Amino acid sequence: MYEGPVQDLIDELGKLPGIGPKSAQRIAFHLLSVEPPDLDRLSAALQRVRDGVQFCVVCGTVADHERCRICSDPRRDRTMICVVEEPRDVQAIERTREFRGRYHVLGGALDPLSGIGPDQLRIRELLARIGEEDDGVRVAEVIIATDPNTEGEATATYLVRMLRDFPGLAVTRLASGLPMGGDLEFADELTLGRALSGRRAM
């Protein structure tokens, strides 16, 4: 245990995801050794995050303004919505440059053991978006892109059940399977099973 502000800093850094006690200590002592202007820039960036970052009123991702740049872009396909768990998932899909529709961020995944049910996620907002027209344009397809883990699968199953009642709405799920450059012998049974069931004609 260190004294005063140093220990306070280590404690706060240790609360961040993925940072254990040793990493928190290392970061804290690094910050003690940097020049004051560098610390001022870090402090100013944290202040801007606290005061200036908001969430898009349409899709729920991180935004500078009321609407994010994707929801404000008239060139994006309004008939397609890709449903993701977190704002960082939006950026992951955007990096592929394959999707030209819009997004909906749930804010997590169903996890009853942690007390996260449908009411804690932005599912009602998704249903409202699908049910209403946007300048005469209706949503034709919802792509469910939740994580391929237990919580993500439970969320996807729940969404499919909720979206079943919308006439003419196509509900799809991101394919999952073998990674590019990987070896078949090293794939686990679940991944290989998904790859087999999701096979397509060539």
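The paragraphs below walk through a predicted model, taking its helices, one strand and a few single residues in turn.

Begin with helix H1, which covers residues 4–14. Its buried residues are Gln-7, Ile-10 and Leu-13. Viewed down the axis of H1, these residues fall within an arc of 125 degrees, so they line one face of the helix. Part of what covers them is helix H2, residues 21–33.

The two helices H1 and H2 pack with their axes 8 Å apart, at an angle of about 130 degrees. That angle makes H1 oblique to H2, because it lies outside the ranges that count as roughly parallel, roughly antiparallel or roughly perpendicular. The crossing in which H1 passes H2 is right-handed. On the H1 side, the residues that meet H2 are Val-6, Leu-9, Ile-10, Leu-13 and Gly-14. On the H2 side, they are Ala-24, Gln-25, Ile-27, Ala-28, Phe-29, Leu-31 and Leu-32. Sorted by class, the contact of H1 with H2 holds 10 nonpolar and two polar residues, and no charged ones. Ile-10 and Leu-13 appear among the buried residues of H1, and both also take part in the contact with H2.

Helix H2 also contains Lys-22. Relative accessibility for Lys-22 is 66%, so this residue counts as exposed, the cut-off being over 50%. Lys-22 can be compared with Gln-54 by position: the two are 32 residues apart in sequence, and their C-alpha atoms are 32 Å apart in space.

Next comes helix H5, residues 87–94. The buried residues of H5 are Pro-87, Asp-89, Val-90, Ile-93 and Glu-94. They cover an arc of only 155 degrees around the axis, which puts them on the same side of H5. These buried residues pack against one helix, H4 (69–72), and against strands S2 (62–63), S3 (80–84) and S4.

The loop between H5 and S4 includes Arg-97. Its phi is near 60 degrees, a positive value in a residue other than glycine. Arg-97 has 76% relative accessibility and therefore counts as exposed.

Beyond this loop is strand S4, residues 102–105, where His-104 is found. His-104 has a relative accessibility of 0%, so it counts as buried, for which the value must be under 20%. What surrounds this residue? Leaving aside neighbours within four places in sequence, His-104 is in contact with Val-58, Cys-59, Ile-81, Cys-82, Val-83, Val-84, Arg-122, Glu-125, Leu-126 and Arg-129. Among these contacts, Leu-126 is also one of the residues through which helix H6 meets helix H7.

That leads to the last pair of helices. H6 spans residues 123–131 and H7 spans residues 150–163. They pack at an angle of about 35 degrees, with their axes 11 Å apart. H6 passes H7 in a crossing that is right-handed. From H6, the contact is made by Ile-123, Leu-126, Leu-127 and Ile-130. From H7, it is made by Tyr-158, Leu-159, Met-162 and Leu-163. By class, the contact of H6 with H7 has eight nonpolar residues, with no polar and no charged ones. The contact of H1 with H2, by comparison, includes two polar residues.

Technical notes. Residues are numbered from 1 along each chain as its sequence is written. This is a predicted model: local features need pLDDT of at least 70, side-chain atom pairs count only at pLDDT 80 or more; totals for chains, interfaces and linings use all residues. Side-chain values use heavy atoms; hydrogens and water are left out. Axes are lines fitted to C-alpha atoms, for helices over the stretch in contact, and angles run from 0 to 180 degrees between N-to-C directions. Helices (H or I, at least four residues) and strands (E, at least two) are DSSP runs, numbered from the N terminus. A crossing is left-handed if the near helix is turned anticlockwise from the far one by less than a right angle, and right-handed if clockwise. Contact means heavy atoms within 4.5 Å. Ala, Val, Leu, Ile, Met, Phe, Trp, Tyr, Cys and Pro count as nonpolar, Asp, Glu, Lys and Arg as charged, and the others, Gly among them, as polar. Buried means under 20% relative accessible area, exposed over 50%, partly exposed in between (1.4 Å probe, protein chains only). The arc is that of the directions from the helix axis to the C-beta atoms. Angles under 35 degrees count as roughly parallel, over 145 as roughly antiparallel, 65 to 115 as roughly perpendicular and the rest as oblique.
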